[in-house]
Amino acid sequence: MNTERRFKKLMNYKVHESDITPLTDKGGEVRVLLSPRTVKSTQLIMGVATIPPGEIVKEHLHDYGEECFYVQKGTGKLILRNLDQLNFKAGDALIIPQGTIHSIENIGEEDVEVVFATAPLAPTAREGHRNL
């Protein structure tokens, strides 16, 4: 296999966050890195999000899967509508049950940075993340 062909094949397994246009309509800055569109994933999506101080990721839910995230930086609050509010800090990992309406608020003085994943995949991206 020649080098160019091998490189193209490897590109299906790797993406750099700088190559992904951030989504800013939900609050914060969200980059979906691994998805059916970027790497042809079939079971999950994975990405990173940055939430500035005082900002809130709007209420939304995932009808088809559960979401988890790992906090790399900052302090915040996960609000699970009608269930609970959980404060979090760097080093914490959290899970959001399938179909649970939730939002995330940065309650600290520095950006919150998280790595998130949702599985299993919904039939479409619109069905996988429903804003309220």
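**Exercise 1. A lysine and its contacts**

Task: Find the residues that Lys 26 touches, leaving out those up to four places away in sequence. Then decide whether Lys 26 is buried or exposed.

Solution.
Step 1. Beyond its sequence neighbours, Lys 26 touches Ile 56, Val 57, Lys 58, His 129 and Asn 131. This is a predicted model.
Step 2. Place the residue. Lys 26 sits in the loop between helix H1 (3–11) and S1.
Step 3. Check the accessibility. The relative accessible area of Lys 26 is 15%. Buried means under 20%, so Lys 26 counts as buried.
Step 4. Look at the adjacent acid. The side chains of Lys 26 and Asp 25 are joined by a polar contact of 3.3 Å.

**Exercise 2. The partners of strand S3**

Task: Which strands pair with S3 in the antiparallel sense, and over how many bridges?

Solution.
Step 1. Take S8 first. Strand S3 (residues 56–61) and strand S8 (residues 102–106) run antiparallel, joined by 3 bridges.
Step 2. Name a pair. Val 57 has Ile 104 in S8 as its bridge partner.
Step 3. Turn to S10. Strand S10 (residues 130–131) pairs with S3 over 2 bridges, again antiparallel.
Step 4. Name a pair here too. Arg 130 in S10 stands opposite Leu 61.

**Exercise 3. The five-stranded sheet**

Task: In what order do the 5 strands of the open sheet lie? Which are the edge strands?

Solution.
Step 1. Read the order. The strands run S1-S2-S9-S4-S7 in an open sheet, with antiparallel pairing.
Step 2. Find the edges. Strand S1 (29–34) and strand S7 (93–96) each pair on one side only, which makes them the edge strands.
Step 3. Check the twist. On average, neighbouring strands of this sheet are turned by 20° against each other, direction ignored.
Step 4. Inspect one edge. Strand S4 (residues 66–73) and S7 run antiparallel and are joined by 4 bridges. Within that pairing, Cys 68 has Ile 95 in S7 as its bridge partner.

**Exercise 4. A valine in S9**

Task: Is Val 114 buried or exposed? What does Val 114 touch beyond residues up to four places away in sequence?

Solution.
Step 1. Locate the residue. Val 114 belongs to strand S9.
Step 2. Read the accessibility. Val 114 has a relative accessible area of 5%, so it is buried.
Step 3. List the contacts. Val 114 touches Gly 47, Val 48, Ala 49, Phe 69, Tyr 70, Val 71 and Gln 72.
Step 4. Compare sequence with space. Val 114 and Asp 92 are 22 residues apart in sequence, and their C-alpha atoms are 9.7 Å apart.

**Exercise 5. Salt bridges between distant parts of the chain**

Task: How many salt bridges does the structure hold? Work through three of them.

Solution.
Step 1. Count. There are 6 salt bridges in the structure.
Step 2. Take Arg 81 and Glu 59. Their side chains meet at 2.6 Å, N to O. Arg 81 is in the loop between strand S5 (75–80) and strand S6 (84–89), while Glu 59 is in strand S3, 22 residues apart. Arg 81 is partly exposed at 37% relative accessibility. Glu 59 is partly exposed at 26%.
Step 3. Take Asp 63 and Arg 130. The salt bridge between their side chains is 2.8 Å, N to O. Asp 63 lies in the loop between S3 and S4, and Arg 130 in strand S10, 67 residues apart. Asp 63 is partly exposed at 31%, and Arg 130 is partly exposed at 38%.
Step 4. Take Glu 113 and Lys 73. Their closest N and O atoms are 3.9 Å apart. Glu 113 lies in strand S9 (residues 112–119) and Lys 73 in strand S4, so this pair ties together parts 40 residues apart in sequence. Glu 113 is partly exposed at 26%, and Lys 73 is partly exposed at 30%.

**Exercise 6. Backbone checks**

Task: Where is the peptide bond with omega near -5°? What are the phi values of Lys 40 and Asn 82?

Solution.
Step 1. Find the cis bond. The peptide bond from Ala 119 to Pro 120 is cis. Pro 120 is in the loop between S9 and helix H3 (125–128).
Step 2. Read Lys 40. Its phi is positive, near 60°. Lys 40 lies in the loop between helix H2 (36–39) and strand S2 (45–51), and is exposed at 60% relative accessible area.
Step 3. Read Asn 82. Its phi is positive, about 65°, although Asn 82 is not a glycine. Asn 82 lies in the loop between S5 and S6 and is exposed, with a relative accessible area of 75%.

Key: Residues numbered from 1 in each chain as written. Predicted model: local features only at pLDDT ≥ 70, side-chain atom pairs only at ≥ 80, totals over all residues. Heavy atoms only, no water. Pairing = 2+ DSSP bridges. Axes fitted to C-alpha atoms, helices over the stretch in contact; angles between N-to-C directions. Salt bridge = Lys/Arg side-chain N within 4 Å of Asp/Glu carboxyl O. Buried < 20%, exposed > 50% of the residue type's maximum accessible area, 1.4 Å probe, protein only. Polar contact = N/O pair within 3.5 Å; in protein donor to acceptor, adjacent residues only side chain to side chain. Contact = heavy atoms within 4.5 Å.
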